[in-house]
Amino acid sequence: MKINIQNHHVSLGEETRTDIESKFSKIVSHFPDLVSSDIIITKEHNQHRVEVFTNYGGVRVSAKATESVMYPAIAAALKKLETGLHNRKGQLKADLHAKPTSTKPEIASDIIQEMKLV
């Protein structure tokens with residue numbers, strides 16, 4: 001899976017990038033169909049905002065989190081993303097099942113008339 005990390009007003013080291021990739025590897029193990037994901041980390045007014053975007057099943061799934069510390073913000077955003085992916089996976093599975101059709105109950109008098117006993 002390709003992970004695009006963008007940062008605004010925040011400096012990220014290799015340690016942080018590997019930490020983010022390891023957290024994404026857990027998500028990829030549950031959702032192997034994911035191809036790429038974008039993560040944007042910004043710092044404004046002493047608040048770290050993390051936004052995560054990905055495409056799953058033809059729909060864009062996104063999650064956002066804001067914390068005063070960067071690592072809990074990343075963890076919260078990835079947790080929300082995983083929840084969104086589980087919801088989307090449930091929607092895709094629900095569409096696979098056949099929809100119930102309305103069936104008219106058979107009436108005994110109709111069956112007897114079709115038999116033509118006379």
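Read along the sequence, this protein follows the pattern β-α-β-β-β-α-α. That comes to three helices and four strands. Before I go on, please keep in mind that this is a predicted model. Of the 118 residues in the protein, 28% are buried. And if you take the contacts with a separation of 6 or more, 49% of them are between residues 24 or more positions apart.

Let's start with the sheet. The four strands form an open sheet, in the order E1-E2-E3-E4, and the pairing is mixed. E1 and E4 are the edge strands, each pairing on one side only. On average, neighbouring strands here are turned by 15 degrees against each other, if we ignore direction.

What does "mixed" look like in detail? Strand E1, residues 2-8, runs parallel to strand E2, residues 36-44, and seven bridges join the two. If you want a spot to look at, find Ile5, which stands opposite Ile39 in E2. On the other side of the sheet order, E3 and E4 pair in the antiparallel sense, over nine bridges. There you can look for Asn55, whose bridge partner in E4 is Arg60.

Now the part I'd like you to rotate on your screens. E1, helix H1 and E2 make a β-α-β unit, with H1 covering residues 14-30. Which hand does this unit have? It is left-handed. H1 itself lies across E1, E2 and E3, and runs at about 135 degrees to E1.

While we're on H1, here are two of its residues. Thr16 is in this helix, and at 6% relative accessibility it counts as buried. Leaving out residues up to four places away in sequence, Thr16 touches Met70 and Tyr71. Asp19 is also a residue of H1, but it counts as partly exposed, at 23% relative accessibility. Tyr71 comes up again here: its C-alpha atom and that of Asp19 are 9.4 Å apart, although these positions lie 52 residues apart along the chain.

Next, the core. The largest nonpolar core has 24 residues, and those with the most contacts inside it are Phe24, Ile39, Ile41, Val50, Val52, Leu81 and Leu85. Who supplies it? E1, H1, E2, E3, strand E4 at 59-67 and helix H2 at 70-96 each give at least two residues. H2 gives the most, with seven. Ile39, by the way, is the residue we met opposite Ile5, so to speak an old friend by now.

Leu81 is a good residue to click on. Apart from its neighbours within four places in sequence, Leu81 is in contact with Phe24, Ile27, Val52, Thr54, Val61 and Ala63.

For those of you who like ring geometry, how many aromatic pairs does a search of the whole structure find? One. The ring centres of Phe31 and Tyr56 are 5.5 Å apart and the planes are at 80 degrees, so this pair is edge-to-face. Phe31 sits in the loop between H1 and E2, while Tyr56 belongs to strand E3, residues 47-56, so the pair ties together parts that are 25 residues apart in sequence. Both partners are covered: Phe31 counts as buried at 0% relative accessibility, and Tyr56 is buried too, with a relative accessible area of 8%.

One more buried residue, this time in a strand. Thr42 lies in E2 and counts as buried, at 6% relative accessibility. Setting aside neighbours within four places in sequence, its contacts are His8, Val10, Gln47, His48 and Arg49.

Last, a quick look at the backbone. Most residues other than glycine have a negative phi. Which residues here go the other way? Two examples are His9, with phi near 65 degrees, and Asn46, with phi near 60 degrees. His9 is in the loop between E1 and H1 and is exposed, with a relative accessible area of 71%. Asn46 is in the loop between E2 and E3, and is exposed as well, with a relative accessible area of 57%.

So, if you open the model later, begin with the left-handed unit of E1, H1 and E2, and then move on to the edge-to-face pair of Phe31 and Tyr56. Thanks, everyone!

Notes. Residues are numbered from 1 along each chain as its sequence is written. This is a predicted model: local features need pLDDT of at least 70, side-chain atom pairs count only at pLDDT 80 or more; totals for chains, interfaces and linings use all residues. Side-chain values use heavy atoms; hydrogens and water are left out. Two strands pair if DSSP finds at least two bridges between them. A crossover is right-handed if, with the strands pointing away from the viewer, the path from the first strand over the helix to the second runs clockwise. Rings of Phe, Tyr and Trp (its six-membered ring) pair if their centres lie within 6.5 Å; planes under 30 degrees apart count as stacked, over 60 as edge-to-face and the rest as tilted. Buried means under 20% relative accessible area, exposed over 50%, partly exposed in between (1.4 Å probe, protein chains only). A nonpolar core is a set of buried Ala, Val, Leu, Ile, Met, Phe, Trp, Tyr and Cys residues joined through side-chain atoms within 4.5 Å. Contact means heavy atoms within 4.5 Å. Axes are lines fitted to C-alpha atoms, for helices over the stretch in contact, and angles run from 0 to 180 degrees between N-to-C directions.
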